[in-house]
Amino acid sequence: MPDPSRLFIRALSGVWGNGYWVTWHPSARYRLGDVGTLQGPGLVLISSLDEIGIATSKVAPTTRDELTWRTRGGVSVTYKSVGQAGEPFAALADAQAGALVEFSRENGLLVAYQGLTEHRLADQPALARELIERYWAGTWELDWHVISHLVTAKSGTVLLAGEKGALVEMHARAALGEAPAALADLAAGVRGARSSGMALELLGKHVTPFYRVLRLRRRFIRGIEGVYGDVRTLRTSANRPPDVPADVLEEVRESPDVALEFPDQPTPAPSDGTA
């Protein structure tokens with residue numbers, strides 16, 4: 001089977017918006033302002049802006065009720081109401097509501113999230129100046145990344161088929177006569193009753209499916225080195241300027257984008273036998 005991280009990230013890239021990274025593994029949970037280094041397609045967290053002592057503020061969050069995605073032509077869902085009996089349900093009692101998700105192809109994917117909220121860091125000029133000053137002082141590394149945008153979901157379901165014919169039967173809490181009626185209904189209040197052939201099953205709460213990261217812009221750092229010398233040398237030299245040159249700070253103040261960049265998510269490296 002192809003690497004599930006490649007399949008998952010490729011399928012959901014751009015679903016929330018351009019430049020947003022897809023969280024892998026889907027059960028991973030991040031916080032706004034987390035700091036980490038790259039490992040594969042994601043981050044290995046090492047600290048946070050708060051822990052390092054960098055003050056931050058946030059803009060007003062935006063919300064979205066639900067988000068769903070499934071492989072076109074590869075996933076079918078049959079819903080069951082309370083009191084419904086018979087096939088194709090094998091694990092649910094007549095008095096239980098639920099759904100049966102069937103995959104007609106290997107690598108079929110179904111994703112459903114409810115209660116989404118996006119949080120963002122504000123005051124990028126202040127953050128850019130802080131990171132430049134810390135980098136100059138040797139307390140910030142060039143390969144450190146900050147989670148600047150974070151999408152949270154109150155609940156989510158992620159199902160990835162490991163083979164053709166894989167299936168998941170789910171029990172949903174429902175009153176008499178009610179039943180899940182749409183993909184978004186599978187994001188909350190459900191639990192697995194039976195499954196077969198699945199590569200990944202996640203039915204969780206308080207997940208973080210998407211995020212963006214920022215870091216110091218490499219081109220900007222090279223520009224500083226071109227004028228003042230290698231910053232790494234300046235940081236250890238006894239006669240280095242004690243503070244960031246004023247013209248550099250002025251440029252950052254006027255346009256923080258010159259010092260910060262939002263890198264694209266790295267493509268997961270293929271494992272043996274993957275496409």
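This section describes a four-stranded sheet, the aromatic contacts and the salt bridges of a predicted model.

The sheet is open, and its four strands follow the order β5-β6-β9-β10 with antiparallel pairing. Strands β5 (75-80) and β10 (190-196) stand at the edges; each has a single partner strand, so one side of each is left without a neighbour in the sheet. On average, and with direction ignored, neighbouring strands of this sheet are turned by 20° against each other.

The pairings can be followed across the sheet from β5. Strands β5 and β6 are paired in the antiparallel sense over six bridges, and the bridge partner of K80 in β6 is G98. Strand β6 also pairs with β9, again antiparallel and over six bridges; here A99 has M170 of β9 as its bridge partner. Strand β9 (residues 167-172) is in turn joined to β10 by six bridges, and these two strands run antiparallel. Within β10, R191 stands opposite H171. Burial was examined for strand β6 (residues 97-103): six of its seven residues are buried, so the strand is largely enclosed by the rest of the structure.

Five aromatic pairs are found in the structure. In the pair formed by W140 and W144, the ring centres are 5.0 Å apart and the planes make an angle of 75°, an edge-to-face arrangement. Both tryptophans fall under the 20% limit for burial: W140 has a relative accessibility of 1% and therefore counts as buried, and W144, at 19%, also counts as buried. Elsewhere, ring pairs link W21, Y30 and Y211 into a cluster.

Aromatic rings also take part in contacts with a charged side chain. The charged end of R212 sits over the ring of Y20, at 5.6 Å from the ring centre. The charged end of R212 sits over the ring of F262 as well, in this case 4.5 Å from the centre.

Side chains of opposite charge can pair when their charged atoms come close. The count of salt bridges in the model comes to nine. One of them joins the side chains of R31 and D34, with an N to O distance of 3.3 Å. Residues R31 and D34 belong, together with E51, to a network of salt bridges. The relative accessible area of D34 is 2%, so this residue is buried.

Two further salt bridges are formed within helices. In helix α3 (residues 124-137), E130 and R134 lie four residues apart, about one turn of the helix, and their side chains meet in a salt bridge of 2.6 Å, N to O. The two partners fall into separate accessibility classes: E130, at 25% relative accessibility, counts as partly exposed, whereas R134, with a relative accessible area of 17%, is buried.

In helix α6 (residues 246-254), R253 and E250 are three residues apart and are therefore separated by about one helical turn. The side chains of R253 and E250 form a salt bridge with an N to O distance of 2.6 Å. At 34% relative accessibility, E250 counts as partly exposed.

How values were computed: Residues numbered from 1 in each chain as written. Predicted model: local features only at pLDDT ≥ 70, side-chain atom pairs only at ≥ 80, totals over all residues. Heavy atoms only, no water. Pairing = 2+ DSSP bridges. Axes fitted to C-alpha atoms, helices over the stretch in contact; angles between N-to-C directions. Buried < 20%, exposed > 50% of the residue type's maximum accessible area, 1.4 Å probe, protein only. Phe/Tyr/Trp six-rings, centres within 6.5 Å; stacked < 30°, edge-to-face > 60°. Lys NZ or Arg CZ within 6 Å of the ring centre and 35° of its normal. Salt bridge = Lys/Arg side-chain N within 4 Å of Asp/Glu carboxyl O.
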